[in-house]
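Open your viewer, load the model and keep the selection tool at hand. We will take this tour one stop at a time.

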Amino acid sequence: MKLADLVEDFLVYLKRERNYSPNTLRSYSADLTGFVDWAEENAMGESPATDFAPDRLREFLLHLRNGPEDYAPRSVARKVSAVKSLFKYLLRSGVVTANPMTTVRTPRLPKHLPHYLEEHEVKLLLEIPSGSDLGALRDRAILETLYSTGARASELVSMNLDGLDFSSGVTRITGKGRKERLLFLGSYAIEA
């Protein structure tokens, strides 16, 4: 079976069995398409998955690091992770008997402290929506809810009134990986 077909099977598995989000599927698809393109350029596109030895996969890693695209370390790590996931799937499916990616190291990423707003900056941000028109009230409720719960913007967008319990100050949201979780609303968020 061609590598492109194996990738297509893997993407179908991620969609149907693992229930990955459309954004995650797009990322995997793009990263693995790049891997297939590299394999075809290096006369490996028609090769069975069992022909992908660790040394050949390290060549792919070098291509990502030193190739014409000049990928950032985080992009290289994501692409390598996608290929590792593909070969884990191929191992579980019985297509390969050993995972050649186990000895391929993902590049180390620098650790960065998260950026945060100072207290006075948060106060200024929360004061931006002023007035009593519908747009200002909505924007104030959005900002207060984000600040109070620490929710991601995508989680806030998926929030609905059925999941809100104003009396206990809790909201139920569907987060990353389509996992449900409870978030606690502060009094300002409830009021907004």
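A quick word before we start: you are looking at a predicted model.

**Stop 1: the cavity**

A search of the whole structure turns up 1 cavity of 30 Å³ or more. The volume of this largest cavity is about 30 Å³. Rolling a probe the size of a water molecule over the atoms shows where empty space is left.

To see the walls, select Phe 35, Leu 57, Phe 60, Leu 61, Val 80, Val 83, Met 101 and Val 104, which line the largest cavity. Now color that selection by residue type: the lining has 8 nonpolar residues, no polar ones and no charged ones. Which helices each supply at least two residues of this lining? They are helix H3 (54–66) and helix H4 (73–92). H3 gives the largest share, 3 residues.

**Stop 2: helix H2**

Next, select residues 22–41, which form helix H2. Its 20 residues reach 28 Å from the first C-alpha to the last, close to the 28 Å expected at 1.5 Å a residue.

Show the side chains of Leu 25, Tyr 28, Asp 31, Leu 32, Phe 35, Val 36, Trp 38 and Ala 39, the buried residues of H2. Look down the axis: these residues cover an arc of only 160 degrees around it, so they sit on the same side of H2. You have already met one of them, Phe 35, in the lining of the largest cavity. Then turn to the face of H2 that points away from the buried side, where you will find the exposed residues Asn 23, Arg 26 and Glu 41.

**Stop 3: the loop before H2**

Step back to Asn 19, in the loop between helix H1 (3–16) and H2. Its phi is near 60 degrees, a positive value in a residue other than glycine. Is Asn 19 buried, exposed or partly exposed? With a relative accessible area of 40%, Asn 19 is partly exposed.

**Stop 4: helix H1**

Select H1 and check its length. The 14 residues of H1 should span 20 Å at 1.5 Å a residue, and the end C-alpha atoms are indeed 20 Å apart.

Now display Leu 3, Leu 6, Val 7, Phe 10, Leu 11 and Leu 14, which are the buried residues of H1. Seen down the axis of H1, they fall within an arc of 140 degrees, so they line one face of the helix. On the other side of H1, look for the exposed residues Lys 15 and Arg 16.

Keep Val 7 on screen and add Phe 87, which belongs to helix H4. Phe 87 counts as buried because its relative accessibility is 0%. Draw a distance between the two C-alpha atoms: Val 7 and Phe 87 are 9.7 Å apart in space, although 80 residues separate them in sequence.

**Stop 5: the sheet**

For the last stop, bring up the open sheet of 3 strands, ordered E1-E2-E3 with antiparallel pairing. The edge strands are E1 (164–165) and E3 (180–184), each pairing on one side only.

Zoom in on strand E2 (residues 170–174), joined to the antiparallel E3 by 5 bridges. Select Val 170 and you will find it opposite Phe 184 in E3. Then try Thr 174, whose bridge partner in E3 is Glu 180.

Finish at the turn: E2 and E3 form a hairpin with 5 residues between them. Pick out Gly 177 there, which has a positive phi of about 75 degrees.

Technical notes: Residues are numbered from 1 along each chain as its sequence is written. This is a predicted model: local features need pLDDT of at least 70, side-chain atom pairs count only at pLDDT 80 or more; totals for chains, interfaces and linings use all residues. Side-chain values use heavy atoms; hydrogens and water are left out. Two strands pair if DSSP finds at least two bridges between them. Helices (H or I, at least four residues) and strands (E, at least two) are DSSP runs, numbered from the N terminus. On a 1 Å grid over the protein atoms alone, a cavity is a set of points where a 1.4 Å probe fits but cannot get out, and a pocket is an open set with protein on both sides within 12 Å along at least five of seven lines; lining residues have an atom within 4 Å of a point. Grid points are joined across faces, edges and corners, and a volume is the space filled by probe spheres set on the points. Ala, Val, Leu, Ile, Met, Phe, Trp, Tyr, Cys and Pro count as nonpolar, Asp, Glu, Lys and Arg as charged, and the others, Gly among them, as polar. The expected span of a helix is 1.5 Å times one less than its number of residues. Buried means under 20% relative accessible area, exposed over 50%, partly exposed in between (1.4 Å probe, protein chains only). The arc is that of the directions from the helix axis to the C-beta atoms.
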